Amino acid sequence: MSCKELRDGIAAKEIKSVAATEAVFSAIDKYEPMVGAYISTFKEQALAKAKEVDGKIAAGEAVGELAGVPVAIKDNLCTTFGTTTCASKILENFHSPYNATVIEKLLAADAVIVGKTNMDEFAMGSSTENSGLKQTVNPWDTSRVPGGSSGGSAAAVAGRLCFAALGSDTGGSIRQPASLCGVVGLKPTYGRISRYGLVAYGSSLDQIGPVTRTVSDCALMMNVIAGHDEKDSTSVSESIAPVCNYLEKLDEPISGLKIGVVPEFVAGGEADVQKATAEAIEVYKKLGAEIVEIEMPHFDYAISAYYVIATAEASSNLARYDGVHYGHRTERPADYIEVYSKSRAEGFGKEVKRRIMLGTYALSSGYYDAYYLKALKVRNLIRGDFTRAFEKCEAILMPVSPTTAFRLGEKIDDPLQMYLSDVYTIAANLAGIPGISIPCGFDESGLPIGLQILAPAFAEEKLLRIARMFEMQTDWHQKKPAMPK
Amino acid sequence: MSNLQYKVVVGLEIHVHLCTKTKMFCACALEYGAIPNSRVCPVCLGMPGVLPVMNKQALEYAVLAALALNCKVAEFTKWDRKSYYYPDLPKNYQISQYDLPLGAQGFIEIPVENGQSKKIRIQRVHLEEDAGKNLHTAGFSQVDLNRAGAPLLEIVTEPDMNISAEVRALAVELQRMVRYLGVSEADMQKGHMRFEPNINLVVTKDGSEHKTPIAEVKNLNSFRALERSVDYEIRRQLDDFQQSGEVMQMGNKSTRGWDDANEVTVLQREKEEAHDYRYFPEPDLVPVEVKGQWLEDIRGRLCELPLKKQMRYVEQYKLSDYDAGVLTAERSTAEFFEQVVKEGGEPKRVCNLLTQLGLKLANERGCGVAELGVTPKNLAQLAQMVEAGETSAGASTSIFEEMVKTGKEPQVLAQELNLIQKSDVGELEAIVEQVFKENPKAVEDVKSGGKKSKKARSFLLGQVMQKTKGRANPKVVSKILSEKLS
Amino acid sequence: MAKRIDEALVRKVAKLARLELADSEIEEFTAQLSAILDYMEKMNELDTADVEPLAHCLPISNILRDDGIKASLGTEKTLANAPQRDGEFFKVPKILDEI
């Protein structure tokens, strides 16, 4: 059952939220020890909320758009309940005094919050192996990674340990795990969703987005969380980009659709990925879409530019974790400087340290022009590529990840290799445009493959419809992993 | 002290606290003396996930100040992060402005000797957020973040000052100016202004010039400390140069603190990487474009600046530089003065009334002269009464005081207090004649013109004053005496 | 042109970033960061002399708020997560050099 079906069922009094919530926690009891999707869960609070929703509905009172639906939240979204750890030892016991704006929206929509999901520490990673607190595995094959950094959210959705989840995407962190776990993941346009309360990694790249079983669920989540927030100066106002009802015309296909493809990309990646991508293109062709060849001449440079910009911003965003005002503090600092250097050394994992170092270096005097400034210029060129491409087509199609889920430990010792696997997702973050990953097949080992569709800024409504077109013709999204006993 | 010739070169960096109600990037109240850490929210505490939102009022105050400082206001400006680690800086970076400051290339006039003025160039004006406060006890340090995030205006001058008096004059003038503009209370007790002078010397030795290394003195918060630290630095640098001959080079600028107790500057611990601030554009804030109607609206809030006003009073009203300075120390006083003059008060008289009594009374009541309850019209009338001789200058202060107490008009009060000066020539002539009749010897003495004449004249005047119970207009009496006795 | 990163530079950067790294970490990071930075040299293949840097993807400016006071957290909530406190203050080891 999808999130939307559940919501409708609860609203129609056919299903009780308490029953759905209890079922979710039952599944958690059974499968969490293996999957490890959650850092923390809120059973009591969730059931209480479910009961409250059921009561209101029974009494005929108005309830929110997500009333009674159990959802999971990536643990880099601040909540006043439980902890907000970002899967880091440095925030292991951090209790936020405020809720992120998207959390407030979920609460106002009467969603039932199941728990906070695991992730790569501070959202830095592509496999969730960089979590400082626990390991999450891919429900399709527990010897493999769920992808990252929103691996916990993707695994929870795929493993039916919640009905929908929120993740965050800075270089592909929603789309890639969605692809590796066979679910839907959307990175909205930069500025579409408030970042207030999202623990910052790469401020000019970060966006919160839904991870769901179906495209409709994604649209439903967008209805709840999209919109301007006065607390976020980078969130776009209604006058510039009005929010619409993403569900309204969702099932209406786009006629005369022009889809852009870069031949090298669709021929990129593993054989199975190539095959699935090619087949997906055929599906669109059958639907009457015109496939247009496009160029993205600066795509190759996206990874370099991204890792300079993201790490530079991260090195600054993570400076606040210093053991003084909150978070982990070292036991015996010799002086106030050691409060910083030891607390951070003890609290941060390797990948985080690496990226802080990289970012600090890129911004330091003498290197700023060569790295940071250069990267910002490359960013402009990449955005230019998209602008030109979208003159010839309405959406761009390419793989999400060159591979399916790789084995735990396979790439962890070679950070550069790990970075290079972000090749298809990163450019969208640099340009600020929206991108979605939808299930489009499986490889020989039965591992999910995702299809990526990109659209111009603030064209989520159209993007979702284009994705829905594919979904209506296929049943990949209905497949779920055979969870072991 | 030495036989070297030298020129002093001083530039000044000033931080001014803007008097907005809330902080620069969050809506916490700015409240001096609040319980520690009680005016803090997730944003200024630098918690995970928070984002800054610009205070419009702070921006407008900053633009107003930049305009008053004759700066070019940047049409396009942005924010940058300045990174360094310190316990009173919760994010361990400060949101500031680096390469595109709000204002640049301006100037300010400062008063120098003999009622002249000197132009000091302003290099840049920009906005930033303040850090919190560190307090030190014996064994540890405490951090209070109430001030963290307060809006600060940073003003940097060119090194155009050459003596400590000029540095002080600049600081004082800036204080006056920002108060006039209403952008800062500039209360030194509350730490609203901080100064950091950069000092060096250009020494001429054996016909060639040598520049001593620049010293920056950090965090001064009084005019006195400012002036003295500059003077101390001049002496110290001269001594140092004579001993070591060290000259200015890349990287030998020193940072010093001021030890007020011993009145010396002290070298601060060298921090090699302390100055790599790794500036980069603040991704959480969008750029600011100040132009068009918005800029004009702000420009419309400029007022006549204090030094200009002061110099105008000297020229236009023939007031002394000192008096003009007193009247223009605060905008409300000056504006009140101008209103009284507009109502017909003779400027010098009004000036005297205000400087000799008005300001004192206002001070006692903790208010401005405009709030004494005396209307400009009434005060103008009082001044006119003195000018016309209806009451003496001495009496006018008593009347003024009563005006403040009762709010009554000066004419009424003069009557009630019996302070109407007799100026009627006919009436006074009669009294003079009477006095002459009663004191023939004195009249003789005056007419004779000898040694006793001056004393006798005073005596006669005194007698007239006595007969009129001090209410005769001495000028008029004197004139009558002169006419009758010559 | 950037120079390749060496151990001394890694130590310097670690200090700037307030990260106390073990010698083994310094060694490991030096190798890894060198490889990553080598990869980033790729960007120099592009001539960007006439390209503007793109710091913000958004076509917006002048996002401002009114000067209205909102409730603060209050001292207790502010200090709730503090690792060490002294009454109403955050507590840190003595800071010896006042900037």
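The radius of gyration is taken over C-alpha atoms, and the globule rule is 2.2 Å times the number of residues to the power 0.38.

This is a predicted model: local features need pLDDT of at least 70, side-chain atom pairs count only at pLDDT 80 or more, and totals for chains, interfaces and linings use all residues. Residues are numbered from 1 along each chain as its sequence is written, while chains are lettered from A and ligands numbered from 1 in the order in which they are written.

**Exercise 1. Describe the overall build of chain B.**

Solution.
Step 1. Chain B holds 16 helices and 18 strands. Helices (H or I, at least four residues) and strands (E, at least two) are DSSP runs, numbered from the N terminus.
Step 2. Chain B has a radius of gyration of 30 Å, whereas a compact globule of 486 residues would have one near 23 Å.
Step 3. Its C-alpha trace spans about 95 × 60 × 50 Å along the principal axes.
Step 4. The domain assignment, automatic or from a database, gives domain 1 (5-295), domain 2 (306-416) and domain 3 (425-485). The C-alpha centres of domain 2 of chain B and domain 3 of chain B are 33 Å apart.
Step 5. Of the 486 residues in chain B, 46% are buried. A residue is buried if 20 or more other C-beta atoms lie within 10 Å of its own, exposed if 12 or fewer, and partly exposed in between; C-beta atoms are placed from the backbone.
Step 6. Take the contacts in chain B between residues at least 6 apart in sequence: 70% join residues at least 24 apart. Two residues are in contact if their C-beta atoms, placed from the backbone, lie within 7 Å.

**Exercise 2. Find the unusual backbone spots.**

Solution.
Step 1. Start with the background: most residues other than glycine have a negative phi, and most peptide bonds are trans.
Step 2. In chain B, Ala186(B) has a positive phi of about 45° although it is not a glycine. Ala186(B) sits in the loop between α3 (164-181) and β12 (193-205) of chain B. It counts as partly exposed because it has 19 C-beta neighbours inside 10 Å.
Step 3. Glu263(B) also has a positive phi, near 55°. Its loop runs between β15 (254-259) and β16 (264-267) of chain B. With 13 other C-beta atoms within 10 Å, Glu263(B) is partly exposed.
Step 4. In chain A, the peptide bond from Gly148(A) to Ser149(A) is cis, with omega near 10°. Ser149(A) belongs to the loop between β3 (112-117) and α5 (151-158) of chain A.

**Exercise 3. Trace the sheet of chain A.**

Solution.
Step 1. Write the order: 11 strands form an open sheet, β1-β3-β2-β4-β6-β5-β10-β11-β9-β7-β8 (chain A), with mixed pairing. Two strands pair if DSSP finds at least two bridges between them.
Step 2. Mark the edges: β1 (38-41) and β8 (290-293) of chain A each pair on one side only.
Step 3. Add the twist, which averages 30° from one strand to the next. Axes are lines fitted to C-alpha atoms, for helices over the stretch in contact, and angles run from 0 to 180 degrees between N-to-C directions.
Step 4. Pick one pair: β5 (residues 184-187) and β10 (residues 435-442) of chain A are antiparallel, over 3 bridges. Gly185(A) has Ser437(A) in β10(A) as its bridge partner.
Step 5. Place a helix: α7 (residues 215-225) of chain A lies across β4 (164-169), β5, β6 (207-212) and β10 of chain A, and runs at about 145° to β6(A).

**Exercise 4. Characterise chain C and its contacts.**

Solution.
Step 1. Chain C follows the pattern α-α-β-α-β-β along the sequence. Its radius of gyration is 22 Å, well over the 13 Å that the globule rule gives for 99 residues, so chain C is more spread out than a compact globule.
Step 2. Buried residues account for 31% of the 99 residues in chain C.
Step 3. The contact between chains A and C takes 56 residues from chain A and 44 residues from chain C. On the side of chain A that touches chain C, α13(A) gives the largest share, 12 residues.
Step 4. The contact between chains B and C takes 44 residues from chain B and 36 residues from chain C. On the side of chain B that touches chain C, β10(B) gives the most, with 5 residues.
Step 5. Strand β2(B) runs parallel to β1 (residues 64-65) of chain C, joined by 2 bridges. Asn55(B) has Arg65(C) as its bridge partner in β1(C).
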